[in-house]
Amino acid sequence: VDTYSGKRIIVVCHSHAINAALSAIDGAYTFRHAMRNACSNYITHQQGQFEVKAVNVADHITDPTIMK
């Protein structure tokens, strides 16, 4: 984490890896949490703590004005 401090990092993976990360950070998420295809999930890291900011964001798919 220190190597990329202050930078944005993208990780592309399958839903089970995403759910594993989410559940490790916040117990409210489980492996049964359904993920939309091609969704984005936002996690921050500050002062040694990870925090889930947004899950299952798919505006780029559902909002036709974004791709215009």
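**Figure 1. The largest nonpolar core of the predicted model.** Six residues form the largest nonpolar core: Ile18, Leu22, Tyr29, Met35, Cys39 and Val52. The model shown here and in the following views is predicted. One member of this core, Val52, touches Leu22 and Tyr29, which also belong to the core. Beyond neighbours up to four places away in sequence, Val52 further touches Ile25, Asp26, Tyr42 and Ile43.

**Figure 2. The buried and exposed sides of helix 1.** Helix 1 spans residues 15-25, and within this helix Ile18, Asn19 and Leu22 are buried. These three residues lie on the same side of helix 1, because they cover an arc of only 95° around the axis. His16 and Ala24, by contrast, are exposed on the other side of the helix. The cover over the buried residues of helix 1 includes two strands, namely strand 1 (40-46) and strand 2 (49-57). Two of the buried residues, Ile18 and Leu22, are also members of the largest nonpolar core.

**Figure 3. The surroundings of Asn19.** Asn19 is part of helix 1. Its relative accessibility is 2%, so Asn19 counts as buried, the cut-off for which is under 20%. The side chain of Asn19 reaches the backbone oxygen of His33 at a distance of 3.1 Å. When neighbours within four places in sequence are left aside, Asn19 is in contact with Thr30, Phe31, His33 and Met35. Of these contacts, Met35 is also a member of the largest nonpolar core.

**Figure 4. The salt bridge between Lys53 and Glu51.** One salt bridge is found in a search of the whole structure. The side chains that meet in this bridge are those of Lys53 and Glu51, with a distance of 3.5 Å from N to O. In general, side chains of opposite charge can pair when their charged atoms come close. Lys53 has a relative accessible area of 51% and is therefore exposed, since exposed means over 50%. Glu51, with a relative accessible area of 41%, is partly exposed.

**Figure 5. Confidence of the prediction.** The protein has a mean pLDDT of 87, and 94% of its residues reach 70 or more. Among the elements of the protein, strand 2 has the highest mean pLDDT, at 94. Helix 2, which comprises residues 59-62, has the lowest, at 78. Strand 2 is also one of the elements that cover the buried residues of helix 1.

Conventions. Residues are numbered from 1 along each chain as its sequence is written. This is a predicted model: local features need pLDDT of at least 70, side-chain atom pairs count only at pLDDT 80 or more; totals for chains, interfaces and linings use all residues. Side-chain values use heavy atoms; hydrogens and water are left out. A nonpolar core is a set of buried Ala, Val, Leu, Ile, Met, Phe, Trp, Tyr and Cys residues joined through side-chain atoms within 4.5 Å. Buried means under 20% relative accessible area, exposed over 50%, partly exposed in between (1.4 Å probe, protein chains only). Contact means heavy atoms within 4.5 Å. Helices (H or I, at least four residues) and strands (E, at least two) are DSSP runs, numbered from the N terminus. The arc is that of the directions from the helix axis to the C-beta atoms. A polar contact is a pair of N or O atoms within 3.5 Å; within protein, one must be able to donate a hydrogen and the other to accept it, and residues adjacent in sequence count only if both atoms are side-chain atoms. pLDDT is the predictor's confidence in each residue, from 0 to 100. A salt bridge is a side-chain nitrogen of Lys or Arg within 4 Å of a carboxyl oxygen of Asp or Glu.
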